[in-house]
Amino acid sequence: LASLVNIIGKGSTTAEQLLYCKSDCTCFVEVVSHPFSWNYYLEYGQKIFKTLFKVLRDNELFGYDTRDCGFHVHISRKAIKPINLFKIASLVYHPDNYSFMATISQRSESKINEWCSLDVDFGALSKMCNDSYYASEIMDRSSAINLTLKKTVEFRIFRGTLNFNSFAKNLEFIKSLIHWSNVTSVKVSKDNNGLESYLNFLRKYYNDYETLCFFLSKRGYKGFKTVQDRWTRKHMTELNKLSFNSDSKELI
């Protein structure tokens, strides 16, 4: 399996070295990517991951359709200013936003509590965003946003998946949080209007985060009619086959 994943990671150019495998005590195998930029993802990564998921499914492996699989995303600390990381963490950990974050994660409440807790010491959050060593002293690494690592910030919120549409939704969520943090204030991110600010941001920049916006529209969030209509025209009857709550029911 590791050899197969390595071959897929070479991509259509055969020059890429994106993927490798690790053993992990919580699941059968952990597939890991080397660091890549958003532009790399758009140019090469999407095709590589689509191929990876199909091959893993063909080999009777599971991500969503099992109990013990998660999807973690690491972002370089150099890519996020501490103040912007604080804005993101304030939004994610705000108690009023629990239902939204649970929806995004696609995890059950018990799995959230076990693998990506949404509880945090708000009084220490700002310092934790600035100091990973301090965070490691008081934060459990199994938190929705793991701030204990020196070089990266780890988003642990997502349920595992071999569905490319769910995978794309997850990456778009992280990318959009970073984008949103660049254009909003600390005050807004911390108060009760933080989530509405973020949703209004998505309604404005829906072209950049289409899969995420379509997912939210299917979960009852309003204001994404343009994306809904576009996907309906583009995929026609194939759209009926899409289910984010499945490994296999993705759009081809």
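Leu-4 comes out as partly exposed in this predicted model, its relative accessible area being 33%. Leu-4 sits in helix α1, which covers residues 2-8. Together with Leu-1 and Phe-28, Leu-4 makes up a nonpolar patch on the surface, with an area of about 300 Å².

Moving on to helix α4, residues 98-105, the buried residues there are Phe-100, Met-101, Ala-102, Ile-104 and Ser-105. These buried residues have quite a list of packing partners: the helices α3 (82-93), α5 (109-115), α8, α10 and α11 (210-218), plus the strand β5 (152-159). Right after α4 comes Gln-106, and its phi is positive, near 60°.

Helix α8, one of the partners of α4, brings in Ser-176. With a relative accessible area of 0%, Ser-176 is buried. What does Ser-176 touch once its neighbours within four places in sequence are set aside? The contacts are Tyr-198, Phe-201, Leu-202, Tyr-209 and Leu-212.

Next, the aromatic rings. A pair of rings is described by how far apart the centres are and by the angle between the planes. The model has 23 aromatic pairs. One of them joins Phe-164 and Phe-167, with 5.9 Å from centre to centre and 35° between the planes, and this pair is tilted. Both residues belong to helix α8 (residues 164-183), and because they are 3 residues apart there, about one helical turn separates them. Phe-164 is buried, and Phe-167 is buried too. Tyr-198 and Phe-201 pair up as well: their ring centres are 6.5 Å apart and their planes make an angle of 20°, so this pair counts as stacked. The spacing in sequence is again 3 residues, this time in helix α10 (residues 194-204), so Tyr-198 and Phe-201 are about one helical turn apart. Tyr-198 and Phe-201 are both buried, and both turn up among the contacts of Ser-176.

Rings also meet charges here. Lys-127 lies over the face of Tyr-134, 4.3 Å from the ring centre. In another case, the charged end of Lys-169 sits over the ring of Phe-215, and the distance to the ring centre is 4.6 Å.

That leaves the salt bridges. How many does a search of the whole structure turn up? The search finds 9 salt bridges. One of these is between Glu-250 and Arg-57, whose closest N and O atoms are 3.2 Å apart. Glu-250 is in the segment after α12, while Arg-57 is in helix α2 (residues 38-58), so this salt bridge ties together parts of the chain that lie 193 residues apart in sequence. Buried or exposed? Glu-250 and Arg-57 are both buried.

Arg-230 and Glu-210 form another salt bridge, with 2.2 Å between the closest N and O atoms. Since Arg-230 belongs to helix α12 and Glu-210 to helix α11, the pair links parts that are 20 residues apart in sequence. Arg-230 has a relative accessibility of 26% and so counts as partly exposed. For Glu-210 the value is 19%, and with the cut-off for buried at under 20%, Glu-210 counts as buried.

A further salt bridge brings together the side chains of Asp-229 and Lys-225, at 2.7 Å from N to O. Asp-229 and Lys-225 are 4 residues apart in helix α12, so about one helical turn lies between them. Asp-229, at 29% relative accessibility, counts as partly exposed, whereas Lys-225, at 54%, counts as exposed.

Helix α12 (residues 225-235) also holds Thr-226. Thr-226 counts as partly exposed, because its relative accessibility is 39%. Along the chain, Thr-226 and Thr-103 are 123 residues apart, and their C-alpha atoms are separated by 21 Å.

How values were computed
Residues are numbered from 1 along each chain as its sequence is written. This is a predicted model: local features need pLDDT of at least 70, side-chain atom pairs count only at pLDDT 80 or more; totals for chains, interfaces and linings use all residues. Side-chain values use heavy atoms; hydrogens and water are left out. Rings of Phe, Tyr and Trp (its six-membered ring) pair if their centres lie within 6.5 Å; planes under 30 degrees apart count as stacked, over 60 as edge-to-face and the rest as tilted. Helices (H or I, at least four residues) and strands (E, at least two) are DSSP runs, numbered from the N terminus. Buried means under 20% relative accessible area, exposed over 50%, partly exposed in between (1.4 Å probe, protein chains only). A charge sits over a ring if NZ of Lys or CZ of Arg is within 6 Å of the ring centre and within 35 degrees of the ring normal. Contact means heavy atoms within 4.5 Å. Patches are made of residues with over 30% relative accessible area and no salt bridge: like charges are joined within 9 Å, nonpolar side chains (Val, Leu, Ile, Met, Phe, Trp, Tyr) within 5 Å. Accessible areas come from the Shrake-Rupley method with a 1.4 Å probe; for residues, only the protein chains shown count as cover. A salt bridge is a side-chain nitrogen of Lys or Arg within 4 Å of a carboxyl oxygen of Asp or Glu.
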